[in-house]
Amino acid sequence: MFQKMLIGGELVGKDKKKSRIKVINPATEKSFAAVPKGTKKDINKAVKAAKKAFPSWAATPIAKRQDIVNKMADVLADNADVLGRLMTKEQGKPMPEALGEIAWSEGYLRHYATLKPKGRTIQNDADFKIELRRVPLGVVAGICPWNFPILVPIWKIGPALVAGNTIVLKPAPTTPVTILKFFELCNKFVPAGVINIVTDENDLGPILTNHKDVAKVSFTGSCDTGKKIMASSAGTLKRVTLELGGNDAAIILPDVDVKATAAQIYGGAFLNAGQVCLAIKRVYAHEKIYDELCDELANIANGAVVGNGAHQGTTIGPIQNKAQYKKIKKFAKSARKDGKILSGGVAEKGKGYFVNPIIVRDVKDGDKIVDQEQFGPILPIIKYSDVNKISKKANKSEYGLGASVWSKSVAKATKVANTLEAGTVWVNQALNIGPHIPMAGFKGSGIGVEQSDEGLDEYSQVQVINIAK
Ligand code: NAD
């Protein structure tokens with residue numbers, strides 16, 4: 001399978017040995033598809049096409065723009081099976097999770113199709129009429145990671161288009177196929193140049209973020225790359241939205257129902273093999289329930305079915321790529337040194353980047369597995385004794401994406417929740433996100449907001465028209 005790029009409404013790229021990138025199935029380590037190796041020239045062409053398409057797209061009535069976003073949702077619904085299979089092959093996640101991502105993405109698009117940039121009248125009296133308008137920015141660059149190959153691009157494309165911008169999207173180098181296939185299907189009704197997709201070998205991001213004709217960069221990925229993007233956007237004062245990493249703490253108060261809480265914690269930590277920005281990445285469990293919770297989590301982890309996501313019954317697929325797999329191996333090694341492993345481990349034999357879900361106890365703040373973002377299926381459980389001091393401990397992190405607090409008493413949990421430094425704090429739940437709920441990070445977890453009206457605002461410029469009567 002050779003999947004072409006999309007530039008200016010044309011499917012482009014030649015299937016030649018020198019100019020293609022092999023796409024690897026992480027469950028087999030075999031290549032199952034290829035995409036073109038995009039070049040600087042392709043980025044320039046894509047930005048040019050997006051710039052050309054911008055005036056007429058910005059002038060397209062909002063209802064028509066919303067209609068096109070809705071049609072994109074229809075394509076997902078009509079092709080869920082084909083796209084889901086492709087996603088499982090390239091990303092590794094079990095087929096039900098791939099179908100879940102597609103259904104999720106459809107829902108996000110349907111919601112974006114109800115949004116519109118909101119202006120308002122600031123003053124209208126005998127002397128002045130002052131109106132606030134929201135004006136699209138121009139060409140947006142969307143740069144994406146590999147954990148959600150359709151959902152994260154949709155988080156950028158949907159609002160960018162509804163707000164009247166055009167976009168050049170760069171998928172992660174290891175997950176370009178599903179998104180290209182999706183937009184090949186949408187190419188029948190999306191006007192030429194409104195959406196452009198260029199694939200790369202991790203080398204074209206800076207060319208896009210430095211480009212003088214790109215007005216805004218919407219980035220999801222690691223903190224290190226986020227910092228580079230901010231620096232490279234400075235030259236032309238581009239707007240930036242940065243959705244970066246997290247090291248989300250789950251704080252378990254002493255009064256919980258341990259069994260029920262453990263099941264929810266497990267779900268919030270190991271979805272997509274832990275490769276979720278907002279996954280639970282460290283658990284602070286009160287000493288009263290510490291041993292019981294550790295054992296319960298280990299029990300659940302031991303029941304995981306780790307394997308090829310295409311096989312029925314698999315609950316955890318492989319790590320998405322070799323570089324991340326190596327990173328997880330190092331985390332597992334340091335966790336073994338610093339604490340006690342209760343379940344799981346890295347599968348050393350055979351093909352595929354498999355890791356059985358690891359529960360590690362007796363670790364503490366300062367240990368690598370607690371302080372750093374693992375972004376994989378390893379969960380550290382830290383014991384604490386004083387509920388009044390727990391927020392201070394949890395807040396001692398460079399990140400501040402999400403957090404959760406668990407207790408039979410909503411009041412007690414909410415009291416702790418209010419003292420946490422995180423963009424989203426859940427009480428007695430995890431990973432409840434949606435297109436109507438703003439998503440933002442404190443501290444090193446990002447700049448700006450995605451989703452909801454607040455997220456849409458980031459794709460437009462405020463303009464005031466001030467009329468003297
Ligand atoms: P990454 O930062 O390595 O790569 C992300 C994207 O940036 C890729 O497309 C890559 O090619 C591109 N890129 C790399 N260097 C660049 C540069 N100098 N300029 C411009 N673009 C560049 O991240 P990753 O490994 O793909 O993803 C994992 C990270 O993403 C984790 O830290 C995770 O927490 C984070 N993430 C955050 C969210 C969120 O919404 N906050 C969602 C998913 C993932």
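Me: How does α9 pass α10, in a left-handed or a right-handed crossing?

Reply: Keep in mind that we're looking at a predicted model. Here α9 makes a right-handed crossing with α10.

Me: Which residues of α9 and α10 make the contact?

Reply: On the α9 side you'll find Val258, Lys259, Ala262, Ala263, Ile265 and Tyr266. From α10 come Glu292, Leu293, Glu296, Leu297, Ile300 and Ala301. Sort that contact by residue type and you get nine nonpolar, three charged and no polar.

Me: At what angle do the two helices pack, and how far apart are their axes?

Reply: Helix α9 covers residues 258–270 and helix α10 covers 290–302; they pack at about 50 degrees, with the axes 9 Å apart. Angles under 35 degrees would count as roughly parallel and 65 to 115 as roughly perpendicular, so α9 and α10 are oblique to each other.

Me: Now the sheet. How do strands pair in general?

Reply: Backbone hydrogen bonds do the job, and the strands of a sheet can pair parallel or antiparallel. In this model, three strands form an open sheet, ordered β5-β6-β22, with antiparallel pairing.

Me: Which strands are at the edges?

Reply: Those are β5 (120–124) and β22 (460–468), each pairing on one side only. On average, neighbouring strands of this sheet are turned by 20 degrees against each other, ignoring direction.

Me: Over how many bridges do β6 and β22 pair?

Reply: Nine: strand β6, residues 128–136, pairs with β22 in the antiparallel sense over that many bridges. To find your way in the viewer, look for Pro136, which stands opposite Ser460 in β22.

Conventions. Residues numbered from 1 in each chain as written. Predicted model: local features only at pLDDT ≥ 70, side-chain atom pairs only at ≥ 80, totals over all residues. Heavy atoms only, no water. Axes fitted to C-alpha atoms, helices over the stretch in contact; angles between N-to-C directions. Helix = DSSP H or I, 4+ residues; strand = E, 2+ residues; numbered from the N terminus. Parallel < 35°, antiparallel > 145°, perpendicular 65-115°, else oblique. Left-handed = near helix turned anticlockwise from the far one by under 90°. Contact = heavy atoms within 4.5 Å. Nonpolar A, V, L, I, M, F, W, Y, C, P; charged D, E, K, R; others polar. Pairing = 2+ DSSP bridges.
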